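Student: Could you take me through one part of this model closely, the sheet and the helices that lie across it, and then show me how that part relates to its surroundings?

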Amino acid sequence: KIRLTIDGREIEADKGMNVLEAAHAAGIEIPSLCYLRHVNEIGSCRVCLVEVEIKGNRVLQASCAFPATEGLVVHTSSTRVRRVRKTMVELLLSDHHRECTTCIRNLNCELQNIADNLGIRNIKYTGEMKQLPVQNENSFIVRDYNKCIKCRRCEAICSKVQEVNVYSAINRGYDTVIAPAFMQDLSQVACITCGQCVIACPTASLTEKECIDSVWEALEDPDKYVVVQTAPSIQVTLGEVFGYPVGTVVTGKLVAALRRLGFDKVFSTDFTADLTIMEEAHELLERLEQGDKLPLLSSCSPGWVKFAEHFYPEFLENLSTCKSPHEMFGALTKTYFAGKQGLDPEKIVVVAIMPCTAKKFEASRPEMGTGNFKDVDWVLTTRELARMIRQAGINFCDLPDEDYDTPMGIASGAGAIFGSTGGVIEAAVRTAYYLTSGQELDVLDYEELRGFSGLKEAWVELKGRRIKVAIAHGTGNARILMDRLKAGEQFDYAEIMACPGGCVGGGGQPIFGTREHKEISLDYRHNRADALERIDYSKKIRRAHENPAVKKIYEEFLGHPLSNMSKKLLHTYFTP
Ligand code: HC1
C-alpha cells in the first residue's frame, strides 16, 4: 500500500494504481472518456486531467496515465482543472454531430453526461464540422464517424481483448479516423460481429443495426403470426435498463412485456438450448467413439464461429454441426410448431431477443434457413427490446410475473446456464454422463467449469472414460486455446464464446454510463452469471434430457438425436 493526498485528504492506495484508480478507490470522482481499466489507459482525451504537485509546481497530468506514488499530492477539482476539462470537452463537442434528442444514445451517452456534469452550456469554438460517412451496409453494426471522439476504446477492445484488430487510426491530426483499413464497412474486413466495440463506445459512433420498425410492422400486420424467443441471458440483464440491480432475474416481467407488445407466442431459447445439448452430446459421443474431428468445438456463438472462419479455418471441421439454439428454434417454429397449430409457415415471423449483435449476422447467413424460409426473421438486442417496451409506454416494473407459453417455452436449468461461460459444457456433461451410464449425476454443479478465468481446463468423468475439456471466453482467450491445439495439444471438447463472460457479456447487452465504465471488469458479468445459476438451481428439472417438451418433440417430430430430420433442420456445416 502507498499513501498520497488527494484534495487535501490523505488516502491509501494499492501499489501500481494510477491516480484515477486511487481517487476512485477513495470515492473521489474524476471524469474520463477514453479510459477503460486495463484495456485503454492512454490519456488521450485529457478529460481526466488533474493537478499534481511536482517540485513545488502544480502540473496538469492525465490521471489515468499518471502513477499514484507515495507522498504524491493531487488536486482534482481546482478552478484551473475544471476550466481545462471544460475546454477539452468543448473542443470535442465543437466537431461532434450534436443530435442528442434524436440520438440512439440519448440519456445514455458518456459525452453528454460529462458535458452536463461540467456545466457546458455553449460551445465557444466554431469552425469546420466534418461530414463523414455513416456506414450501415451490414446487418449488425452501424458506424457513424461523425460521432466518433477518437477515444480509441473500440480499437483497444478489438485488439487487446478480442485480438481481432479491425480498427486502427487512419490519417493524422484533424483528419484522423478510427476505422477498419481504408474505412471499409465492417462486413468487408475480418470483423467477427461480436459488438464488443459497441459496448465500449462512449457515444453513438458504434451502435447495433436497429430493426425495431420491422418488428413493429410485423406485429401490426393482421396476416402475420409473430413468435418471439428470448435468449437465456435476457432474463438477467433486461431489468438493468429499468433500474433493477445488475443480476436481477426478471423472467416473469420479460414474458409479460412481450405479451403486452403483441407477440402471438412468447417462447424461450432455453428450450432449444436443451435440444442443442441433446444433439451436441450425441455428436460428442459419436466423435469420441470414432476418434474423429476432436476436439469437438461448440458452435453456438456466431462471433466465435466467424473468428474461426477468419483465423483458424483448418479447424472448421471440428465445429459442432449443431445450429445455435436460436436458429434451431426458428427452424422448428416454421415446421414443427406450424404443423401443430395448422399455421402457414409463410405467415410466421420469428423474432429473437438476443444479447448479441453477432446473432443479427448469424440470422442473415445463407446456411441458416430451411427451404425458402429463414430460420429467424429479426433479431433484437436486449437494448432494442428495452426501447420497444418504452415506446409502447409499458411500465416494466409494474408488470406481473407471467410464464412462457408451451411447448417451446419449457426449459431445464441446463438451458439457462448456456448464457454464461462454461454453461454449455456443464449442461452437455450432465446429459453425456446419463447417455453413457444410464444413470444421473448426483452432483450437478461443476465448480471447476465455472468462474471467469479466461481459459479453463478440466478432466470430466463419463462412464468408462475421462474426457479433457476446455472453456474459453473472449476471442483473445480463444486464440490462446486454438494456438495450443495447433501446436498439437489434445482436448476432447471445448466451449468457446466470443464475448468475455459468454452471452451475459454480449455486445447487445445494456450499456452502462460513465461511472460503471471505469469499473469495467468482469465483475458485473459475474452478477449476471450468478443470476443464471440461480435460475438453474430454482428449476425442478436441471438436465436437458429430462425436459418433457424436448422428449415430446423427439417422439412427435424429430425421431431421435442426429436423425435425418434433426440433421436437415437443426444442423449445418461451416466451410472455409
Ligand atoms: Fe447465447 Fe445461445 S446462450 S449463444 O450464449 O447458445 O446470444 O444468452 O441465445 O442461440 O440458448 C447468445 C445467450 C443464446 C443461442 C442459447
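Tutor: Helix α9 lies across β11 and β12, and its direction makes an angle of about 40° with β12. Such angles run from 0 to 180 degrees between N-to-C directions, the axes being lines fitted to C-alpha atoms, for helices over the stretch in contact, and two residues are in contact if their C-beta atoms, placed from the backbone, lie within 7 Å. The helices (H or I, at least four residues) and strands (E, at least two) are DSSP runs, numbered from the N terminus. This is a predicted model, in which local features need pLDDT of at least 70 and side-chain atom pairs count only at pLDDT 80 or more, while totals for chains, interfaces and linings use all residues. Residues are numbered from 1 along each chain as its sequence is written.

Helix α6 (residues 212–220) lies across β11 (225–230), β14 and β17, and runs at about 120° to β17. The strands beneath these names belong to an open sheet of 4 strands, ordered β12-β11-β14-β17, with parallel pairing. Here two strands pair if DSSP finds at least two bridges between them. At the edges are β12 (265–268) and β17 (378–381), each of which pairs on one side only, and the twist from one strand to the next averages 25°. Strand β14 (residues 348–354) is joined to β17 by 4 bridges in the parallel sense, and within this pair A352 stands opposite V379 of β17.

Helix α9 also leads to the ligand, since α9 (269–290) and α11 (325–341) are the elements that give two or more residues to the shell around the ligand. The shell holds 20 residues, and of these A231, S233, C300, P325 and C503 come nearest to the ligand, where a residue is near a molecule or strand if its C-beta atom, placed from the backbone, lies within 6 Å of it. By class, the shell has 11 nonpolar, 8 polar and 1 charged residues. Ala, Val, Leu, Ile, Met, Phe, Trp, Tyr, Cys and Pro count as nonpolar, Asp, Glu, Lys and Arg as charged, and the others, Gly among them, as polar.

For the wider setting, the protein chain is divided into domain 1 (2–92), domain 2 (139–209) and domain 3 (213–570), with bounds that come from an automatic or database domain assignment. The C-alpha centres of domain 2 and domain 3 lie 27 Å apart, and 17 residues of domain 2 are in contact with 25 residues of domain 3.
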